[in-house]
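Biologist: Before we discuss details, could you put the sequence and the model on the screen, so that we can go through them together?

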Amino acid sequence: MPFVMPKYQAPDFTQARFVNAPDARYEPAEKDGVAPEGYHSTSMYPEYFKINGKWTLAEESRMDSSVVLRDDGHLDVVENRNLKKGDKVILGRTEKGEDGIYMHCAGFRDEESDLDDQFVFRQGRSRETAFARDYDKLFELLRHEKEHGNILWVMGPAFAFDADARAAMQALVENGYAHGLMAGNALATHDLEGALLHTALGQDIYTQRSQPNGHYNHLDVINKVRRSGSIPAFIEDYKIDNGIIYSCVKKDVPIVLTGSIRDDGPLPEVIGDVYEGQTKMRELVKNCTTIICLATMLHTIAAGNMTPSFRVMPDGEIRPLYLYAVDADEFVVNKLLDRGSLSATTIVANVQDFITLVARGLGVMK
């Protein structure tokens, strides 16, 4: 069954409550990085602001940021730390029009999920949930996004520990199903370790057998990459021809690696400043139309917080931004369930099994 993009249902601003609503108020920021009292904080949903009598959509939203009115009437969603003195920051703590602010949560209402019953089983997602239909819908979505969208993967290091998972993700990248990758030092390090030494943390990535002195392997790989000066240079110097990072470099897929305080090394491309890292992550998020978060709680929560539920396309069309969260831990995936039934799908699964199933479902791996 071919993928059908849901149609966006915009608010009817001819209704009296919108016509009679006041213009949104604003106040200039008094200093860099500080919002005025009473600032409006954004969500992941489409939000409209009445400016000079006209309801205007803030096109690039994210959670927990301020809205700045530019001189040309455009609305920018800005993290508070990035506010500049004099920015006209929208004020108001209501979201139904009273302050000239309207949050539109039902723009992509899924009629299939509407149910009159007040009590139903299995409203959450658990190991007992049936995910077959979710996979089928994901396959349809990814085929569409390969040609018409932008697919961003957020990956934990689990993929680097399994030969089949590495091969599956490499096949997805090389067949056009990845337009960006966000991860940490560990995924890249152990994937490159697998490419060079066929181990991850010193264990063979197929047999899982520990190798002699294997605990040195990932440190040696980091050292070699740092000696080469960059990941692409390392791939060239050591004739690397397999793996997730190799395929991204080969296909010019943008990679953002953000560090943590526990990192070994790290690799030269790993961003150590968390706010610089967040900014680089958001640059990738701003381009994506589907984001898939896999076995990394901190990166999943971070990506979820900066990802809206919608995307305004260059032609002005408003479409859903799909977010998937996949993890073996139910707690992690259920953290994002309040994002809306259409824009977020959570799957409780071993991500190594998930990625091989996806690669086979899309026909890029036997």
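Biologist: In this predicted model, what is the strand order of the open sheet of 6 strands?

Modeller: The pairing within this open sheet is parallel. Because β12 (255-258) and β17 (344-348) each have a single partner strand, one side of each is left without a neighbour in the sheet, and these two stand at the edges. Neighbouring strands are turned by 15° against each other on average, with direction ignored. Read across, the order is β12-β9-β8-β13-β16-β17.

Biologist: How many bridges join β13 to strand β16?

Modeller: In the order of the sheet, β13 sits between β8 and β16. On the β8 side (residues 151-155), 5 bridges are found and the two strands run parallel, with V154 standing opposite C293. On the β16 side (residues 322-327), the strands also run parallel, T290 stands opposite Y322, and I292 has Y324 as its bridge partner. The number of bridges joining β13 to β16 is 5.

Biologist: Which residues of β13 lie on the side opposite T290, I292 and L294, and are they buried or exposed?

Modeller: Strand β13 covers residues 290-294, and 5 of its 5 residues are buried. Both faces of the strand are covered, with T290, I292 and L294 buried on one side. The residues on the other side, likewise buried, are I291 and C293.

Biologist: At about what angle does helix α9 run to β13?

Modeller: Two helices that lie across strands of this sheet can be described here. Helix α4 (residues 185-197) lies across β8, β9 (180-184) and β12, and runs at about 100° to β9. Helix α9 (residues 297-305) lies across β8, β9, β12, β13 and β16, and its angle to β13 is about 160°.

Biologist: Why does F331 count as partly exposed, and what is its relative accessibility?

Modeller: F331 is placed in helix α10, which spans residues 330-334. Together with M297 and L298, F331 forms a nonpolar patch on the surface, with about 330 Å² of accessible area for the three together. The class of partly exposed lies between the limits of 20% and 50%, and F331 falls into this class because its relative accessibility is 49%.

Biologist: How far apart in space are M169 and V358, C-alpha to C-alpha?

Modeller: M169 is found in helix α3 (residues 163-174), and it counts as buried because its relative accessibility is 1%. Leaving out residues up to four places away in sequence, M169 touches W153, M155, I244 and I355. M169 and V358 are 189 residues apart in sequence, and their C-alpha separation is 9.1 Å.

Biologist: What distance separates the C-alpha atoms of I205 and A163?

Modeller: I205 lies in the loop between β11 (203-204) and α5 (217-228), and it counts as buried because its relative accessibility is 2%. Beyond residues up to four places away in sequence, I205 touches several others, including F161, A163, R166 and H198. Although I205 and A163 are 42 residues apart along the chain, the separation of their C-alpha atoms is 5.2 Å.

Notes:
Residues are numbered from 1 along each chain as its sequence is written. This is a predicted model: local features need pLDDT of at least 70, side-chain atom pairs count only at pLDDT 80 or more; totals for chains, interfaces and linings use all residues. Side-chain values use heavy atoms; hydrogens and water are left out. Patches are made of residues with over 30% relative accessible area and no salt bridge: like charges are joined within 9 Å, nonpolar side chains (Val, Leu, Ile, Met, Phe, Trp, Tyr) within 5 Å. Accessible areas come from the Shrake-Rupley method with a 1.4 Å probe; for residues, only the protein chains shown count as cover. A salt bridge is a side-chain nitrogen of Lys or Arg within 4 Å of a carboxyl oxygen of Asp or Glu. Helices (H or I, at least four residues) and strands (E, at least two) are DSSP runs, numbered from the N terminus. Buried means under 20% relative accessible area, exposed over 50%, partly exposed in between (1.4 Å probe, protein chains only). Two strands pair if DSSP finds at least two bridges between them. Contact means heavy atoms within 4.5 Å. Axes are lines fitted to C-alpha atoms, for helices over the stretch in contact, and angles run from 0 to 180 degrees between N-to-C directions.
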